[in-house]
Amino acid sequence: MAEPSRQLPLAEFGVPPLAPTLEVLDERSRGTRFLAIAPRAAINSPQATGMGFWSLNPYVGCEFGCSYCYARDTHRFTVERARRAGALPVDPALGEMEPWQAFERRILVKRDLAALLARTLDRHGLQDATLVIGTATDPYQPAERQFEITRSVLAVLAARRGLRIGITTKSPLIVRDLDLLATIARRHALSVNISLTTVDATLARRLEPRSPAPHARLRALARLRLAGIDAGLLAAPIVPLLTDGRAALRALFVAASAAGARFVMGHALRLGPAARNRFLPHVLQEFPELAERYRTHFGTHHSASREYRRALSRRLRALRRDFGFANEVEPSEAEDGPMARPSTQLGLFGV
Ligand code: SF4
């Protein structure tokens, strides 16, 4: 019988229920393996994901390995399904690995995604639709340097017209594709989100062990803007008690302004089961003074409290006004309300 909670994440990645045996494409010295998969679908429909737009993710899993990453849960679902289908005989070590660890050590590469996307667009057109690349994993993670799946997808899109296209990434590798992005921007409506939750390089390293440094992301944002690409900052996730302070968020806005960002968006941390199993021990190790409050709240909740999210939304809106950014309300910030308290750091989880 179908398990609804598992169907949605699988659909999000377009992974077939019965995947073929996975071919090992490469292996790093630290043990990360790259496995080829043949996706059933190039893009995932709004109905399948509940996100209100079409989405595409060239990779399942992400070597950046951010401690808070919610996509760990999707990777777990994908691997469990593939294992039940007998599709992982080449990689028995995967069975001994915790899901949160497999997420960053076993990267599934959607080889031939571009050809599948081209066939899909030829057949169905999708004129005027919105397609977002990188909704679940980073399309410019280190694997992309080698496999160029994202670049091949962009080449397909550059040969067409009339979509609204979004790309989300933490990686300056995106500037490698400025040529294709410029063409896409002329033929479609293109917007790029550079994901950055803090300009504090030391804090970023403690939260995101292998992601690019903040200054490198900001430089990439500036280069995108200089090339005339619509681009801005996505502060996601904003981590309670760590990156949500007034001074920290203001520093983010100062950096966004300096880089010429067109917008700044953000939303609070969410933790599914696999993400929680990674992040809560990480908080205990790196930020022990916060561990009890995190365990108390996220032990039983996926999201920060409603009051917290409202207060965060208000703080972001005020900063947008101060810095002259348009105050578009994204769904994650839709709940407005009075600031919970006038402290520097937002009240954690509304308590
Ligand atoms: S870069 Fe994005 S997808 Fe990759 S681990 Fe970090 S949060 Fe997850």
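## Group meeting talk: pairs, sheets and a ligand shell

Hi everyone. Let's begin with the rings: counting pairs whose ring centres lie within 6.5 Å, we get five aromatic pairs. One of them is Phe34 with Phe147, a tilted pair, with 5.6 Å from centre to centre and 55° between the planes. Why does this pair catch my eye? Phe34 sits in strand β2 (residues 33-37) and Phe147 in helix α6 (residues 142-147), so the pair ties together parts that are 113 residues apart in sequence. Before I go on, please keep in mind that this is a predicted model.

Let's stay with β2 for a moment. It belongs to an open sheet of four strands, and the order is β1-β2-β5-β4. The pairing in this sheet is mixed. At the edges you find β1 (23-27) and β4 (59-60), each of which pairs on one side only. If you'd like to follow one pairing on screen, take β1 and β2: they are antiparallel and share four bridges. For a concrete example, Glu23 has Ala36 of β2 as its bridge partner. And what holds such strands together? Strands of a sheet pair through backbone hydrogen bonds, in either a parallel or an antiparallel way.

Now for the other sheet. Six strands make up this open sheet, in the order β3-β6-β7-β8-β9-β10, and here the pairing is parallel. Its edge strands are β3 (54-56) and β10 (264-268), and each of these pairs on one side only. From one strand to the next, the twist averages 20°.

Let's walk in from the β3 edge. Strand β3 runs parallel to β6 (residues 130-133), and three bridges join the two. Trp54 has Leu131 in β6 as its bridge partner, while Leu56 stands opposite Ile133 in β6. Now step across to β7 (residues 164-169), which is parallel to β6 and joined to β6 by four bridges. Which residue of β7 is the bridge partner of Ile133? That one is Ile167.

Over towards the other edge, helix α14 (residues 306-323) lies across β9 (230-238) and β10, and runs at about 165° to β10. While you are looking at β9, find Pro237, which lies in that strand. The peptide bond joining Ala236 and Pro237 is cis, with omega at about -5°.

Another backbone detail is at Glu148, in the loop between α6 and α7. Its phi is near 55°, a positive value in a residue other than glycine.

That loop leads us to a helix pair. The axes of α7 (residues 149-158) and α8 (residues 178-187) come within 9 Å and cross at roughly 35°. The crossing is left-handed. On the α7 side, the contact is made by Arg151, Leu154, Ala155, Leu157 and Ala158. On the α8 side, the residues include Leu180, Leu181, Ile184 and Arg187. Across both helices, the contact residues divide into seven nonpolar, one polar and three charged.

Last stop, the ligand. Which residues are around it? They are Cys62, Phe64, Gly65, Cys66, Tyr68, Cys69, Phe103, Ala136, Thr137, Asp138 and Lys170. By class, this shell has seven nonpolar, two polar and two charged residues.

That's my tour. Thanks for listening, and do try finding the Phe34 and Phe147 pair yourselves.

Note on methods
Residues numbered from 1 in each chain as written. Predicted model: local features only at pLDDT ≥ 70, side-chain atom pairs only at ≥ 80, totals over all residues. Heavy atoms only, no water. Pairing = 2+ DSSP bridges. Axes fitted to C-alpha atoms, helices over the stretch in contact; angles between N-to-C directions. Contact = heavy atoms within 4.5 Å. Near = heavy atom within 4 Å. Nonpolar A, V, L, I, M, F, W, Y, C, P; charged D, E, K, R; others polar. Left-handed = near helix turned anticlockwise from the far one by under 90°. Phe/Tyr/Trp six-rings, centres within 6.5 Å; stacked < 30°, edge-to-face > 60°.
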